[in-house]
Amino acid sequence: MKAARALLPTALTVLCLCAAPPARAQEKPRDDASMVMEVATGQDIAATEVLAAWAKHFDALVVTDPQIQPIQIRFLTNTNAPMTWGTMKAILDFHDIVVVEDQPTPNGPWVIRAHHRRNLAQKEGPPWRYVKGENLPDHEELVTAVFQIKNGAGQQIFATVRGLLTRDTNRVGNILYVQGPEVLIIVDLASKVRYYRRVIEALDVAGPRKEMKIYPVNFAPVQDLATILTSVLQTLGGTSAGAPSGAQPVPVPRPGGAGQAGTQVIADQRTNQLIVAAFPIDIPLIEDVINALDVRVDAPSGKFHVYRCKNADAADLAAKLQELFTGQAAPRPPSGGAPGGGGPGQPAAPRPRPTATTLSEASGVGEVDTRIVADEQTNSILIQAEDRAYREILQVLAELDKKRRRVMIEAEVWEISTPQDNMQITFELAGLTNAHEDSTRPAAATNFGISTIDVDDPNNPSRLTRLPNLSSGLTAVLTRDSFDKLPIIMSAIANYQESKLVTRPFALTNDNTPATFTINDRVPFLTTTVNNVASQQNVQFADANTTLTIEPQVNSNENLTLKLNLQLEAFSGSPVGGLPPPSNSRSYEGEVTVPNGHYVVFGGLESENEGYTESKIPFLGDLPIVGHLFKDWSRSKTKTKIYIFVRPTIFADEDFGSEKRFGQHMRGRAHILAERDEWLPPVVPSRLLKGAGYTLQDEAFDIFGTGSGNPFLGELSPLGAGEGR
């Protein structure tokens, strides 16, 4: 005891255990060897002193790295208990001191070398002692250990152990993999190699061996069953490969040894059997799938249903259902013309029938395919489907086969022309005298179309005549001697025209259904056809159409979107000389969201035209004042304004109450405007529809009410009051 205190006079007292044997020469430094350590609280102990005490305990030599001389170990609590050599080495390792134990001389003393961690690789260089993996020493030294991989997964085990080894940033060791003989070589301290050996032993185990089984298939198509099995195993194996085609086997990877193929399923169509090569873990799953699918299935039986559409068009619904359930759009009739196709004067083409909708993917194995066909004659949908699919179709139809909202569209097209002012003044001058025989006389004349000069008088060849063309307006002449000598002719006319055109169409249409208004104005004009025998006059007509097309789309009960197309055509003059009357056209196209029940300005067009035309005799027509006698001039000025007002009204009553009241209102208004004294009953009396006991008087009271001598008075007031909105 006194000798131990002499070695550690300031910090450590080492007492040998009473039960432990006394230190012997050449005792191996075992990790489980222990001795009692008495440590005072808060005192620093030099690492070299600790190593010296343990070296004396083992009767071993100790060599230290100079860089560990200043390292002090401080215990924060006092202790007086046994401590093993392995525990002390862990404490030293915490202070970056690595202990290496060696017996250089057989039966000689053991040498304990203490290195600073960063100097270990330099101080303990190769060669290191070679040992087999199963014969690692039980003391701490650098060794080269060789491990033979027995079950063929050397590459995978090497990657795993290397991942663990490289996590040590201050490592000395390394690992190598030799492919072919499947050998791992690890260089490191013996304690760490022992850890890696346990990891290798846990990983180097034999993988499951595949088994081959043959399964007879009694009912299911063997190739289809093989495809389903392969798809199931691929899904469980984490692959995204598709099902195989034909009888080619498709390996399905499963955990196993290296180089082992995955599960294979081969269909033998000749014997209707399945050949399966799989791991034991997959066999129960494969058998469960075979037993569940290889069963007798009754032949599909058709299940037909007829759905009678209440509000929607059957052909449109069938097309939508086909596109919904199959992703393929049904062929639609050509745009324009009648719904059945074909233009004017052409026979209507048959409407393309929607192709059958097949929902095989949605149906189970053995179920009947779902088909949907429209019967346009009865506005019904013929459905062949299983109960589950039919219930899904009914849910969709319940949402689509509803009453469509109606829209009353009132349009006002105002075309206002401001006073049109045209003025034309024309002068013609002529100096014409009767020529005498053997005389030469000059003659001159101006002609702007208001007179005709005739130099070929069969009664008097030497006489010249000139006749004015009398037309609208003022025609004045200045004569000399006789009426046929007209030195000056003047024509003047002023036109004043003012027009206001208001077109007010209205129509009731369904939501998303266009309404078209067309007003046709036809003007006749004469044409002359001349041939070798005679001339013939024909009457032809020129058309000027005003067309308004509005398509409403109801967004909510408060607003809707209108698509409008307006074409305005009007005659601007009268037919002249066998030519059709001149006309002009205006067009407008647009789309806008408008409030329900209010007039809005949909568009407008304002135009102004000023014109001045002058025909004159060169030079003479440019003279001041008198130049007007040698010219023909006209002036015109026109202003036109067009406004489009639209008022949509949404009718959404389920019982069509708004339409009924509006129809009664307009019917009464038509009776009053026609000044009919008697009431015009409907062709099909309502009493026939209401049944026995409903009389004509009841029908009149239902329509017009009671208490008024004029049956239409009470009906016009409520709706008429709001017309100006």
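## Exercises on a predicted model

Strand E19 covers residues 406-431, and Arg-406 lies in it. The model is predicted: local features need pLDDT of at least 70, side-chain atom pairs count only at pLDDT 80 or more, and totals for chains, interfaces and linings use all residues. Residues are numbered from 1 along each chain as its sequence is written, and side-chain values use heavy atoms, with hydrogens and water left out. Helices (H or I, at least four residues) and strands (E, at least two) are DSSP runs, numbered from the N terminus.

### Exercise 1: Arg-406

Classify Arg-406 as buried or exposed, then find its side-chain partner.

**Solution.**
- Take the cut-offs: buried is under 20% relative accessible area, exposed is over 50%, partly exposed is in between (1.4 Å probe, protein chains only).
- Arg-406 has 6% relative accessibility, so it counts as buried.
- Look for a polar contact (N or O atoms within 3.5 Å; within protein, one must be able to donate a hydrogen and the other to accept it; residues adjacent in sequence count only if both atoms are side-chain atoms).
- The side chain of Glu-659 provides one to the side chain of Arg-406, at 2.4 Å.
- List contacts (heavy atoms within 4.5 Å). Beyond four places in sequence, those of Arg-406 include Leu-508, Asn-510, Phe-651 and Asp-653.

### Exercise 2: helix H6

Compare the span of helix H6 with the expected value, then find what its buried residues pack against.

**Solution.**
- The expected span is 1.5 Å times one less than the number of residues.
- H6 has 14 residues (190-203), so it should span 20 Å; its end C-alpha atoms are 20 Å apart, which agrees.
- Ala-190, Val-193, Arg-194, Tyr-196, Val-199 and Ile-200 are buried in H6.
- The buried residues of H6 pack against strand E10 (142-148), helix H5 (154-165) and strand E12 (183-189).

### Exercise 3: a sheet

Give the strand order of the open four-stranded sheet and name its edges.

**Solution.**
- Strands pair if DSSP finds at least two bridges between them.
- The order is E26-E27-E28-E29, with antiparallel pairing.
- E26 (515-530) and E29 (583-595) are the edges, each pairing on one side only.
- E26 and E27 (535-554) are joined by 16 bridges.

### Exercise 4: the largest core

Which helix supplies the largest share of the largest nonpolar core?

**Solution.**
- A nonpolar core is a set of buried Ala, Val, Leu, Ile, Met, Phe, Trp, Tyr and Cys residues joined through side-chain atoms within 4.5 Å.
- The largest has 25 residues; Leu-51, Trp-54 and Phe-58 are among those touching the most other members.
- H2 gives the largest share, six residues.
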